[in-house]
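Reader: I am a first-year student and would like a close look at one loop position, and then at how the parts around it in the chain are put together. Please keep it plain.

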Amino acid sequence: MSGPKPAGHAPSLLALKPGDQVWYLPRRMDVPHAGERCTVVRGPRRDVTTATVRLEFKDGQQRTVRLPLVSLVAPRTDPAPFVQEARRLPIWKRLLELVALEGEAARQRAEDRARQIVGMVVPRPQRKLLAQDLTATLLEAARAELAAAAAKQAGRGGKGPPPATHLPVPTDELATLTLNQERRAMINNIAKCIHRRYFLSDAELRDLTDGEREQARIDGVLSAFIRSAQADSGLVPVKDSGKGKGNVLYGQLHDSLAEAYPLALEACQMLIAGKSDHALTLALQVRERLAEHVAANTELERARRKHHTGRYFHGDVLSVREAHDDGSMTQFYARLTIVYAEDGHSLVVANAAELESLTATRAGPQAWQSLCRWMEDLSERAGGRKQGRRQDDDEHLIYREDDDRLKLRESVAAYPNILRAFECIRRALMMPERAKDVLRSEIPEHHPLPGYHAPPQNLPKTGGLDKSGQKSPNSD
């Protein structure tokens with residue numbers, strides 16, 4: 001008859017011998033000496049079904065416990081490792097989905113799921129040793145992960161790109177465009193607002209002082225030297241900052257410093273060796289590389305305006321205000337997104353299709369191209385970078401006054417069909433607010449809401465020298 005089959009224990013626990021240090025981790029942590037470090041008095045037997053071990057605690061007491069209740073590793077009291085283990089589980093994605101939902105039922109389901117994850121990543125004996133409730137810690141980590149993911153999404157306010165929707169086909173071709181005097185005045189107003197960049201800003205512009213710019217330039221030079229030194233030592237490869245820039249000047253800017261660094265080191269070595277002539281030759285080569293760096297940087301600074309990326313304006317919500325004779329005004333908003341084209345300097349109306357769909361009018365590609373060229377030319381002339389007389393009166397950029405009427409300027413003929421683009425923008429401004437994609441949250445507090453605004457009421461004065469209906473006590 002065979003003897004009892006030994007239980008399957010870890011070989012490291014079966015190898016315990018007197019004098020070894022272990023931790024006592026019972027199933028219930030409210031018993032005496034739970035979680036304490038103790039010394040093995042008698043090791044376990046290998047030929048028994050239920051192996052036990054004799055332990056001696058710090059107060060001198062001894063106790064015989066089952067082998068699974070001891071551990072060679074100290075129990076973890078930091079919840080961070082358990083949170084990392086929870087994130088690697090497939091069930092973590094389901095917890096994120098529940099945390100993203102609203103309502104009391106969803107909150108309760110999220111707590112139950114977090115409690116289930118705790119049971120999967122934390123052994124029962126160690127749960128009461130943690131400094132905080134791990135269920136609440138997991139829920140807080142899930143909320144932080146959702147907030148970080150939302151902040152990285154593209155779009156306004158971290159809301160991500162809008163869902164793709166089918167745009168209705170424009171019906172009005174604007175082939176025969178006839179505008180009355182009121183609409184011509186409105187187009188003049190739109191042109192003035194575009195030229196003066198009356199767009200709601202949704203970006204924080206940081207103005208750098210000359211000292212801050214110089215410090216940033218010094219940091220860039222030092223970082224280039226450090227990358228070259230690391231590459232010479234075989235630590236990390238040199239990252240070519242000129243790749244992907246679309247301009248050869250960026251490559252020259254990087255290569256000049258990268259080539260100057262090893263030449264400067266070699267010049268130092270020649271000086272130490274007493275070879276002054278060789279060192280002088282190397283020093284002149286280093287100076288030549290530095291001159292190339294300065295020249296490339298100067299050329300880039302001169303052409304910086306032509307190598308922008310992203311949007312042309314600091315916002316994409318056009319603000320147009322129509323003032324009335326009685327002192328009241330009407331505020332209009334419309335989304336007009338102007339971005340740089342692939343060449344880096346010409347402009348493109350990114351939401352031209354959306355504007356045509358919103359207003360059910362078809363302006364055509366030539367109209368939007370003419371609008372972009374008009375903006376470029378007007379800005380170039382205003383900045384003194386292009387020949388031609390700038391229009392002195394920004395109130396009449398498209399139509400000029402002639403015998404109390406508005407007539408089209410002859411210079412506008414250089415921009416074919418530009419009136420169609422202005423008319424499409426005008427109709428977008430006139431659309432009801434609920435039909436637009438401009439959110440109330442995008443309008444800053446110091447800007448008026450869309451719609452009609454009555455003239456400010458001047459309250460009558462009740463004191464001071466201007467008193468009516470009162471006689472002076474000295475008058476007869």
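Author: Start with A360, which counts as partly exposed at a relative accessibility of 29%. The label follows because partly exposed covers the range between under 20%, which is buried, and over 50%, which is exposed. Keep in mind that this is a predicted model. A360 sits in the loop that runs between helix α10 (352-359) and helix α11 (365-382). Its backbone has a feature to note: phi of A360 is positive, near 60°, and A360 is not a glycine. Most residues other than glycine have a negative phi.

N417 can be set beside A360. The phi of N417 is also a positive value near 60°, again in a residue other than glycine. N417 lies in a loop too, the one between strand β12 and helix α12. With a relative accessible area of 29%, N417 is partly exposed.

The two elements that flank N417 lead in two directions. On one side is β12 (residues 405-408), which is joined to β11 (residues 399-402) by four bridges, with the two strands running antiparallel. Within this pair, E401 faces L406 of β12. The hairpin of β11 and β12 has two residues between its strands, and D403 there takes a positive phi near 55°.

On the other side of N417 is α12, the helix of residues 418-430, and R426 is part of it. R426 has a relative accessible area of 9%, so R426 is buried. Leaving aside residues up to four places away in sequence, R426 touches R183, M186 and I190. R426 can also be placed relative to V320: 106 residues separate them in sequence, while their C-alpha atoms are 9.6 Å apart in space.

V320 falls within the range of strand β7 (residues 317-323), which is joined by two bridges to the antiparallel strand β6 (residues 199-200). One position in that pairing is F199, which stands opposite L318 of β7. β7 also pairs with β8 (residues 329-335), in the antiparallel sense and over seven bridges. Here R321 has Q331 of β8 as its bridge partner. Five residues lie between the strands in the hairpin of β7 and β8, and G327 has a positive phi near 95° in it.

β8 also leads to a cavity. The structure holds two cavities of 30 Å³ or more, and the largest has about 60 Å³ of space. Y333, whose number falls in the range of β8, is one of the residues lining the largest cavity. Others in that lining include E433, K436, V438 and L439, and R440, I443 and P450 belong to it as well.

A sheet earlier in the chain has another layout. Five strands form an open sheet with antiparallel pairing, in the order β4-β3-β2-β1-β5. β4 (62-66) and β5 (70-71) are at its edges with a single partner strand each, so each has one side without a neighbour in the sheet. Inside that order, β2 (residues 37-42) and β3 (residues 52-56) are paired antiparallel over three bridges, and R42 is found opposite R54 of β3.

C38 falls within the residue range of β2. C38 is buried, because its relative accessibility is 1%. C193 is buried as well, at 2% relative accessibility. As for disulfides, a search of the whole structure finds zero.

Now for the chain as a whole. Its secondary structure comes to twelve helices and 13 strands. Of its 476 residues, 34% are buried, and R426 and C38 are among the buried ones. The accessible surface is about 30300 Å², with 52% of it belonging to carbon and sulfur atoms. Among contacts with a separation of 6 or more, 63% are between residues 24 or more positions apart.

To come back to the starting point, A360 is a partly exposed residue with a positive phi, set in the loop between α10 and α11.

How values were computed
Residues are numbered from 1 along each chain as its sequence is written. This is a predicted model: local features need pLDDT of at least 70, side-chain atom pairs count only at pLDDT 80 or more; totals for chains, interfaces and linings use all residues. Side-chain values use heavy atoms; hydrogens and water are left out. Two strands pair if DSSP finds at least two bridges between them. Buried means under 20% relative accessible area, exposed over 50%, partly exposed in between (1.4 Å probe, protein chains only). Contact means heavy atoms within 4.5 Å. Accessible areas come from the Shrake-Rupley method with a 1.4 Å probe; for residues, only the protein chains shown count as cover. A disulfide is a pair of cysteine sulfur atoms within 2.5 Å. On a 1 Å grid over the protein atoms alone, a cavity is a set of points where a 1.4 Å probe fits but cannot get out, and a pocket is an open set with protein on both sides within 12 Å along at least five of seven lines; lining residues have an atom within 4 Å of a point. Grid points are joined across faces, edges and corners, and a volume is the space filled by probe spheres set on the points.
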